[in-house]
Amino acid sequence: MLEKQSNVKAWLYLAPAMLLLSVFTFYPLFNAFFLAFLRDYEFLLGSARGFTFLGNFINVINKPDFGIAMKNTAVITFVSVPIAVIVALMISVALNSIKKFQGFLQTVFFLPYVTNAIAIGMAFAFIFHSDYGLLNTMLGWVGIDPINWINLRQAGNADTSWIRAMFALLVYTIWGGLAFKIMVFLSGLQSIDKQYYDAARIDATPKRRVFSKITVPLLSPMIAYITITSFIGAFKAYRTIIGMFGESLRPPGALSKDSLITIVGLVYDSLAHADATGAISEAAAASIILFLIILAFTLIQMQVSKRRVHF
Amino acid sequence: MDIKLQKVTKIFQAKDKSETVAVNALDVVIPSGKLIGLLGPSGCGKSTTLYMIAGLLEPNEGRIFFGDEDVTDLPPEERGIGLVFQNYALYPHMTVRQNIMFPLENIKVPKQEALSRAQEMADLVGIGELMDRKPKQLSGGQQQRVAIARALVKQPRVLLLDEPLSNLDARLRLQTREEIKRIQRETGITTVFVTHDQEEAMSISDQIVLMDFGVKQQVGEPQFVYDKPINLFVAKFLGTPPINLFAGEIVKNKLLLADGKKYRTETQAPEHQEDLTEDAIRAMTHEVKVPICNVEIMDKKAPDGDVVIGIRPEGFVVDEKGPLELEIFMVETIGRDTSLVVKDPFDDNKSYRIIIDSSYRVKAGDKVKFSFKPDKMFVFDKTSGDVL
């Protein structure tokens, strides 16, 4: 009896959250699956001509931007995440080992987290500006000619290549993601018992081995958490590109093959043409493709972390 | 190899610049190949001393010698010590074997040799069959043996143990302390261990170093320190049940004891009256009972004055002609002997404990006369606490 009563109470407490989640998360989720299989869905009329199994998916894959989006997403994910995790780990270990200014530096490194991504994107767009940019100015001090990172020096000169724009984007992505990672790693490091380090010191453990044999394994739950969530976040990259390049998703004047569009960019692209026949279904199909990629990848990671993570 | 501490002082500075002297000019020689217990109440500086020997803390003053070698400025890894931490600090992600081999891998011992040495050490401490377990899968006692094996495997010159038994339950504690003694004997390594438990220290140490407030109180074999305490602190700290303390007085080379039956009343006014109003002084002035030392115990050659008399529980003898009569409040029969609880007639919160031979039949409410065994009775100066 008592148990039953507490069960009712528990459901009651959960009800408001469940209600909101149902309306704004679960319904759209299932609806997306539904929409992805409709043939010639007209958003404005709400009509469709029956179902199609793979039609919308094939349409997405056949889009000229699809290959570019896949490539961009893959590059952003597999370059930025490992670098960001490693850099964040290094900074956290360094921060954790200093005593003076620790609080101050912690705040400095955490600032990007509370700053709007679009604002940071604009700041980075300025840093990488070919004529006035900080980076080119600094390169000028050491005698390197200005590099055309993300915008054209002369109108009509379309020599901004994908690789330079991507470089700038990656720098921005990595930097923007550091704050949260550092915070999580730092709190993880601070919860490691200092006696492990004292024990290691007494046993004459070289610094490198302390890091690889003690710090990393003891931090591995945090590292796994950060890695998995960062990969998921990177697969969904879009905001950063908007922040840096604006709605065109490419440096001004660049060719469409040099676009920095991602899979989420593809989804938004379809949504922007919602009035076209089947556009919404294509957006839904693109998001499901992304979902499947993320799902597969996360499952692999969880399998790996089972062997590598010490809880 | 013996360990010498010369005038070692450690001062901790808090954030507000206030200083705490954790260890004060400590002079100790720890003889080679012995098991030494650093004993004292919490916060007496014993762990600090251990960590200074280990090199994890740096003394503000003084030198530390291992044999003839001055190790004061050597980092811990160059001192050749093994340290067992209070909570063992076993690496949770490594197996027992990996934990024990870790120090050997650091100094690049070949794999085969490291494996056999780890196994040898594990067998010595009696965990040879648990090599593939993780620390979490072990009991507290087993974890501690792993920690000892890890500390010993690199053949250190000194083994240091920080409160080695405090995380174990009572039965395991008894067993483990014998184990520590055995391992120490078999390896012959100079061992220093820290404890606040006097029974633990007394039972396995070759010598104990008793500390209080960072100052060395007494050093010696446990029985000797128990039998001949040099001051009130040592007498109070050692022994369960603790020593019984009576107010006493020396008058013309006679030792008098207050049994609490006679007292005079005195008005006691607060100190530092200059800061107080007259009303406050009146409110704070109260009557106190001051014991009169009315029982003559024995001759004692010492200058006249107030003293504290300490009598060990086993120092009482039932004796019809004895000088001290006490009313028994409670009788606890243990079998081997009988423990009596006697209320201090003065102070209800205070009681004395007396252990007598079980052949005496005593019951609560009885009035019993006692005399004392002179070697179980100590007289301390009331102000300095030194034995007279």
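Me: The bend at a residue is the angle between axes fitted to the seven residues ending there and the seven starting there. At which residue does α7(A) bend?
Reply: This is a predicted model, where local features need pLDDT of at least 70 and side-chain atom pairs count only at pLDDT 80 or more, while totals for chains, interfaces and linings use all residues. Residues are numbered from 1 along each chain as written, chains are lettered from A and ligands numbered from 1 in the order written, and side-chain values use heavy atoms, without hydrogens or water. Helix α7 of chain A covers residues 162–190. Its axis turns by about 40 degrees, and the residue at the turn is A:Leu178.

Me: How far does α7 of chain A reach from its first C-alpha to its last?
Reply: There are 29 residues in α7(A), and at 1.5 Å a residue the expected span is 42 Å (1.5 Å times one less than the number of residues). The reach in the model is close to that, at 41 Å.

Me: Which proline follows the bend in α4(A)?
Reply: Helix α4 of chain A runs over residues 102–114, and its 13 residues should span 18 Å, which agrees with end C-alpha atoms 19 Å apart. α4(A) still bends, by about 25 degrees at A:Val108. Look within four residues after that and you'll find A:Pro112.

Me: How many helices does chain A have?
Reply: Spread out along its principal axes, the C-alpha trace of chain A spans about 80 × 75 × 30 Å. Its pattern along the sequence is α-α-α-α-α-α-α-α-α-α-α-α, with zero strands (helices are DSSP runs of H or I, at least four residues, and strands are E, at least two, numbered from the N terminus). The helix count for chain A is 12.

Me: Are α2(A) and α12(A) roughly parallel or roughly perpendicular?
Reply: The axes of α2 (residues 55–62) and α12 (residues 279–308) of chain A come within 8 Å and cross at roughly 80 degrees (lines fitted to C-alpha atoms, for helices over the stretch in contact, with angles from 0 to 180 degrees between N-to-C directions). Under 35 degrees counts as roughly parallel, over 145 as roughly antiparallel, 65 to 115 as roughly perpendicular and the rest as oblique. So α2(A) and α12(A) are roughly perpendicular.

Me: How many residues of the contact of α2(A) with α12(A) are nonpolar?
Reply: A:Phe57 and A:Val60 are among the α2(A) residues that meet α12(A), whose side includes A:Ala285 and A:Ile289 (contact means heavy atoms within 4.5 Å). Ala, Val, Leu, Ile, Met, Phe, Trp, Tyr, Cys and Pro count as nonpolar, Asp, Glu, Lys and Arg as charged, and the others, Gly among them, as polar. Three residues of this contact are polar and one is charged, while the nonpolar ones number seven.

Me: What do we call the arrangement of α2(B) and α4(B)?
Reply: In chain B, the axes of α2 (residues 96–106) and α4 (residues 140–152) come within 7 Å and cross at roughly 25 degrees. B:Val96, B:Asn99, B:Ile100 and B:Pro103 of α2(B) touch B:Val146, B:Ala149 and B:Arg150 of α4(B). The arrangement is therefore roughly parallel.

Me: How does α2(B) lie relative to α3(B)?
Reply: α3 of chain B spans residues 111–125, and its axis comes within 9 Å of that of α2(B), at a crossing of roughly 120 degrees. B:Ile100 and B:Leu104 are among the α2(B) residues in this contact. The crossing is why α2(B) counts as oblique.

Me: Which residue does a cis peptide bond join to B:Thr240?
Reply: Omega is about -10 degrees at this bond. The partner sits in the loop between α8 (232–237) and β11 (244–251) of chain B, and its name is B:Pro241.

Me: What is phi of B:Lys7?
Reply: B:Lys7 is in strand β1 (residues 3–13) of chain B. Its phi is positive although the residue isn't glycine, with a value near 45 degrees.
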